[in-house]
Amino acid sequence: MVIGLGRFGGSLAVELVERGSEVLALDNRPHLVQQFSDAVTHAAVADTTDPEVLRQLDVPDFRRAVVAIGDDLEASILTTSLLVDFEIPHIWAKAVSRQHGRILERVGAHRVVLPEHDMGERVAHLVTGRMLDYIQFEDDYAIVKTRAPAAAVERPLSETKVRSKYGVTVVGIKRPGEGFTYATQETVLHHGDILIVSGRSRDVERFADLT
């Protein structure tokens, strides 16, 4: 179930359907429900802050729900709270700020996402650094896509001591014209290779700056 059919919720609902999921999409704006009615399994105009309306739509029977309401903080919080009351096992909620996210967590959302903030942070890393892609996880852990630095090429990874010297692990490698494959200690890097590297955020950033 996806509640809120703005840019984030709408694209999420369509992507879930394309990946084989059945999706009930809800919004209180008829024109958006009409817009997505042919793209999702079911779509309905609904006031999701009304528990009786949600019961009529069998919302308590769902196992996964995403609250993607971003333009009405009160509706976002009340809707999330109702889903918690219905004991839905997996509730994701979109937040527009850190404060909003903390409130959603306090009312019981299992996972809070800040798509605008996260995308801004990701783009900042790509613009200012040498990375081709950047994904940060919890506990200051990140995975980046970067080019093989000159200091690590033409030798097996075991000899470059990448892990002990830089604190990162080369997980995968892609050579020009080939697909990604797992890297091993015997893998020899060449100029132009694309690497998938994991480790602490500062460590992977430092490693990417070598390129």
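Reader: Does Thr48 count as buried or exposed, and at what relative accessibility?

Author: Good place to start! In this predicted model, Thr48 lies in the loop between strand E3 (42-45) and helix H3. Buried means under 20% relative accessible area. Thr48 therefore counts as buried, at a relative accessibility of 6%.

Reader: Which side chain makes a polar contact with the side chain of Thr48?

Author: Let's begin with what surrounds Thr48. Leaving aside neighbours within four places in sequence, Thr48 is in contact with residues including Ile3, Leu26, Leu54 and Leu82. The polar contact of its side chain, at 2.9 Å, is with the side chain of Thr79.

Reader: Thr79 is in H4, so to speak of that helix: what should its 13 residues span, and how far apart are its end C-alpha atoms?

Author: Helix H4 covers residues 73-85, and each residue counts for 1.5 Å. The expected span uses one less than the number of residues, so the prediction for H4 is 18 Å. The end C-alpha atoms agree with this, as they are 18 Å apart.

Reader: Why are the buried residues of H4 on the same side?

Author: The buried residues are Ala75, Ser76, Thr79, Thr80, Leu82 and Leu83. An α-helix has 3.6 residues a turn, so residues three or four places apart point the same way. The buried residues of H4 are on the same side because they cover an arc of only 160°.

Reader: Which exposed residues does the face of H4 turned away from its buried side carry?

Author: Think of the helix as having two faces. The buried residues pack against strand E1 (2-3), helix H3 (51-56), strand E4 (64-67), strand E5 (90-94) and helix H5 (98-107). The face turned away from them carries Glu74 and Asp85.

Reader: Which residue caps the N-terminal end of H4?

Author: Look for a side-chain oxygen beside the start of the helix. One lies 3.3 Å from the backbone nitrogen of Glu74. That oxygen belongs to Asp72.

Reader: How many residues does H4 give to the largest nonpolar core?

Author: That core has 23 residues, and Leu83 is among those with the most contacts inside it. Strand E2 (24-27), E4, H4 and E5 each supply at least two of its residues. H4 gives the most, and its share is three residues.

Reader: How many residues are in the second, separate core?

Author: In soluble globular proteins, nonpolar side chains tend to be buried together. Here the second core includes Met131, Val168, Ala183 and Leu195. Its size is 20 residues.

Technical notes:
Residues numbered from 1 in each chain as written. Predicted model: local features only at pLDDT ≥ 70, side-chain atom pairs only at ≥ 80, totals over all residues. Heavy atoms only, no water. Helix = DSSP H or I, 4+ residues; strand = E, 2+ residues; numbered from the N terminus. Buried < 20%, exposed > 50% of the residue type's maximum accessible area, 1.4 Å probe, protein only. Arc of directions from axis to C-beta. Contact = heavy atoms within 4.5 Å. Polar contact = N/O pair within 3.5 Å; in protein donor to acceptor, adjacent residues only side chain to side chain. Core = buried A, V, L, I, M, F, W, Y, C linked by side-chain atoms within 4.5 Å.
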